[in-house]
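Open the model in your viewer and keep the selection box at hand. The tour goes stop by stop.

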Amino acid sequence: MAEDYRQMWAELGLDMEKHDELLSVLTEAYPSLYLRQANRPKGMEYFDFVVSEIHGLRIKELLEHKEKGGKVFGTFCLYVPDEIITALNGIAIGLCAGTDFSIPDAETVLPRNLCPLIKSFYGFKVGKFCPYFEVSDVVIGETTCDGKTKAYEVLGESQPVFVLEIPHRKNDETFKLWRTELDRFIEEAECLTGVELTMGKLREATKVANNKRKALQELNSLRWSNPTPISGKDALLVNQIAFYDDPLRFTKSVNELVEQLKERVAAEQGVFPADAVKLMTSGTPYAIPNWKLHHVVESSGYSIVAEESCVGSRYFSELVDEDAETLAGLLDNIAKRYFNIHCACFTPNEERMDDIVDLYRKSGAKGVINYTLSFCTPYLVESHKVKGRLDAEEIPLLNIESDYGMGDVEQLTTRIQAFVESL
Ligand code: BJ8
């Protein structure tokens, strides 16, 4: 890191010893996982820099934002509308939930047989070694899966939490409920920030969020070129950083990377040979720093060219319709866009099957790895539907259930290699 941030971390009340340990795990793993990849695009230097400053510069910026009267909203789910938070002088930050480092602390309170994503985020809070948690004025939770819904209750004992009520069925009635829920959220957020939501501010914030989504759409569709100009691991990192970097700076950096990738595509320059097997994934999110699956696949010489995931296509594939005359109209459009995210917490969820098939066809992948975090009931049960649909479409599928531990890396490698051989 460029500066010494120790005083800042101590003032945030972090457990300094554990925090040092966490940073050393990350700084040890990153060079071998990322920096040693061959032929990386130069534009990835910005994202390497963001990782190198993961608990430094961005935290400093958030503290400066708070000093000027702004608020920080911690989030864990795609249903939390960034546009509204930005328009109210807030910053939305996707909190850390992708490592087993924090799980032993979580298991002092939460059951062991719970999704690792939930245990990971709760462990960061209870162990006090995540500066993003400590800098957040409020955590916005959601009633998506039961595990998260109940964990927010426990989290509420040590952190202000506001829980968005997410319907689990999609119809006109539940849309009305969701729209009303957004009004309740706005009321609460206006109260916290002391800022009133206006059409001008929301329109501007919507443009910012849409521009970020457009940049990610372009980047991710360039991955489908042959040979692919960027590794799946690098693209995943960019998709992860989208959740916590400054949106304007992030979008500019993604657009610069896109220009470089276009040049690579024109020159038929790739990071894998043109005949390397391409795969896509579907399933649960890859919260930073969960890079395991991509690393296993790409270390075997295959590339991942798409993710039907919340850290992937579900995050950026749909824009908010900016064409509205009134504040209420723009809020309706925002509500529609978020209601159209196809998480397995919804039932039925046929649209997700369509999305997987569509992405498979567009990306040129030769098979789908349906990846589910252990104990994630919605996605594990929905794997049955995914299999039914992909079998019907004659799309090769490998179902994988895994956690954040490294104990299954060899087994995963063997299964993935066998899957590719069967293609
Ligand atoms: S919109 S996928 S981010 S809920 S993996 S905690 S579902 S038990 S993260 Fe998710 Fe929002 Fe849906 Fe996306 Fe529960 Fe499953 Fe764990 Fe999950």
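Start with G141. Its bridge partner in β4 is V163. The model you are looking at is predicted.

**The sheet around β3 and β4**

Select residues 138-142, which are strand β3. β3 and β4 pair in the parallel sense, over four bridges. Now widen the selection to the whole sheet. Four strands form an open sheet with parallel pairing, in the order β2-β1-β3-β4. Color 90-94 for β2 and 161-164 for β4. These two strands stand at the edges and have a single partner strand each, so one side of each is left without a neighbour in the sheet. From one strand to the next, the twist averages 30 degrees.

Add the helices that lie across this sheet. Select 57-67 for helix α4. α4 lies across β1 (71-75) and β2, and runs at about 150 degrees to β2. Then select 172-193 for helix α10. α10 lies across β1, β3 and β4, at about 160 degrees to β4.

Before leaving, click on N89. This residue is found in the loop between α5 (82-87) and β2. Its phi is near 60 degrees, a positive value in a residue other than glycine.

**The sheet around β7 and β8**

Move to residues 367-373, strand β7. β7 pairs with β8 in the parallel sense over six bridges. Pick out L373, and you will find S402 of β8 opposite.

Show the full sheet next. Its order is β6-β5-β7-β8, four strands in an open sheet with parallel pairing. Which strands stand at the edges? They are β6 (303-308) and β8 (397-402). Each has a single partner strand, so one side of each is left without a neighbour in the sheet. The twist here averages 25 degrees from one strand to the next.

Select 409-422 for helix α19. This helix lies across β5 (278-283), β7 and β8. It runs at about 175 degrees to β8.

**Two cis prolines**

Zoom in on P289, in the loop between β5 and α14 (292-299). The peptide bond from I288 to P289 is cis, with omega near 5 degrees. Then jump to P348, in the loop between α16 (327-339) and α17 (350-363). The bond from T347 to P348 is also a cis peptide bond. Its omega is near -10 degrees.

**A helix pair**

Two packed helices are described by the angle between their axes and the distance between the axes. Select 44-52 for α3 and 247-266 for α13. Their axes come within 9 Å and cross at roughly 145 degrees. Show side chains for M44, Y46 and F47 of α3, which take part in the contact. On α13, show R249, F250, S253, V254 and L257. By class, this contact has six nonpolar, one polar and one charged residues.

**The ligand**

Finish at the ligand. Where does the ligand sit? It is in the largest pocket. Select the surrounding shell, which has 17 residues. The closest are C77, C145, C310, C343 and C376. Color the shell by class. You should see 14 nonpolar residues, two polar and one charged.

Methods
Residues are numbered from 1 along each chain as its sequence is written. This is a predicted model: local features need pLDDT of at least 70, side-chain atom pairs count only at pLDDT 80 or more; totals for chains, interfaces and linings use all residues. Side-chain values use heavy atoms; hydrogens and water are left out. A residue is near a molecule or strand if one of its heavy atoms lies within 4 Å of it. On a 1 Å grid over the protein atoms alone, a cavity is a set of points where a 1.4 Å probe fits but cannot get out, and a pocket is an open set with protein on both sides within 12 Å along at least five of seven lines; lining residues have an atom within 4 Å of a point. A molecule sits in a cavity or pocket if more than half of its atoms lie within 2 Å of its grid points. Ala, Val, Leu, Ile, Met, Phe, Trp, Tyr, Cys and Pro count as nonpolar, Asp, Glu, Lys and Arg as charged, and the others, Gly among them, as polar. Two strands pair if DSSP finds at least two bridges between them. Axes are lines fitted to C-alpha atoms, for helices over the stretch in contact, and angles run from 0 to 180 degrees between N-to-C directions. Contact means heavy atoms within 4.5 Å.
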